[in-house]
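The following exercises practise reading a protein structure from its overall form down to a single residue. Please attempt each task before turning to its solution.

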Amino acid sequence: MERIFSGVQPSGIPTIGNYVGALKQFVDLQNEYETYYCVVNQHAITVPQNPAKLREQTRSLAALYLALGVDPNQATVFVQSDVPAHAQAAWMVECLTPLGQLERMTQYKDKVQKQQSVQAGLLTYPALMVADIILYQANLVPVGDDQTQHIELTRDFVDRFNRDFAPKGKEILTRPERYTPKSGGRIMSLQDPTSKMSKSDSNQKAFISLLDEPKQVTKKIKSAVTDSSGVISYDPEEKAGISNLLTIYQAFSGQTLASLVDQYANSGYGQFKADLAEVIISVLEPMQAKYQKLYQSSDLDDILRQGASQAKELANQTLADMEAAIGFSYKL
């Protein structure tokens, strides 16, 4: 069975965009692949963090994984910092990765332009991301368009490592492929449908959090930008707002875009938005109830402890193979 690794930073409550683009896929993928799902809290400290808030957000994200339907009996769910091999492997990746490759990373260049002072981790965190993937010998990695560079960096590293250190005719590390969701991979802002939905948006009306209350969901959907035509049709270029809402409706209802357009052919935006809000709420409410129970429970600690134990078994084996290949195993 092919193996999948995926990790999300605990940098705030995920939005419905994060759900459609990544988290919803976690549930589907666990039935088809051997899956490792990680809360990548070590990535979070490339920017200043409040320790108490980081602890809370790490636990919160892990609880959301499970509340959304990730089954710890099928998938390995764990926190990155609980598996020391991530940081150990990242050092080897850093030492074997040309500086120019890291400096060309789009996210690094963008953030450097916006910040007067940056930490070294902002430059080198892609090496940690490479380590995350290779430790689990992942065949596939679900990522969005903005992470394509990191997959290519991983593939380049695997090629170099296997070429320079693996015995002839053998491979130590698995070369991963990018996994792209079948549909609904990109949800746009409710207030600016030309921009991707983001939990860091200063406009609270622009996104729906997975923990938003029903009244908040309804209010945000009602205020979502559309156009003046009142005609419900899917045309991302000319009707970006209503097309984005149709994509959200499709993702939460399971209906096709064509069936939704037919269903609302004689309806205005008001009825469409009211129904869409109800569909979103019908998915979020039971998830939120399960989340609240998990977050306060010792069951979450047990699941993460067991997940870390399972993750260590595979990660430590890969780490040992890398260390032996590179010459760290010096005993005769």
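The exercises below concern this predicted model.

**Exercise 1.** Determine how the radius of gyration of the protein relates to the globule rule.

*Solution.* Begin with the secondary structure, which comprises 13 helices and five strands. For 332 residues the globule rule gives 20 Å, and the radius of gyration is 21 Å; these values are close, so the protein is as compact as a globular protein of that length. The C-alpha trace spans about 80 × 45 × 40 Å along the principal axes.

**Exercise 2.** State what share of the residues of the protein is buried, and what share of contacts joins residues at least 24 apart.

*Solution.* Of the 332 residues, 47% count as buried. Next, take the contacts between residues at least 6 apart in sequence: 74% of these join residues at least 24 apart. Finally, turn to the surface: about 16,300 Å² is exposed, with carbon and sulfur atoms supplying 49% of it.

**Exercise 3.** Decide whether Ala63 is buried or exposed, and identify its contacts beyond four places in sequence.

*Solution.* First, locate Ala63 in helix H3, which covers residues 51-67. Second, apply the cut-off: a residue is buried under 20% relative accessible area. Ala63 has 0% relative accessibility and therefore counts as buried. Third, leave aside the neighbours within four places in sequence; Ala63 is then in contact with Tyr291, Leu294, Tyr295 and Leu300. Lastly, consider Asp301, 238 residues from Ala63 along the chain: the C-alpha atoms of the two residues are separated by 9.8 Å.

Conventions: Residues numbered from 1 in each chain as written. Predicted model: local features only at pLDDT ≥ 70, side-chain atom pairs only at ≥ 80, totals over all residues. Heavy atoms only, no water. Helix = DSSP H or I, 4+ residues; strand = E, 2+ residues; numbered from the N terminus. Rg over C-alpha atoms; globule rule 2.2 N^0.38 Å. Buried < 20%, exposed > 50% of the residue type's maximum accessible area, 1.4 Å probe, protein only. Contact = heavy atoms within 4.5 Å. Areas by Shrake-Rupley, 256 points an atom, 1.4 Å probe, with all protein chains shown as cover.
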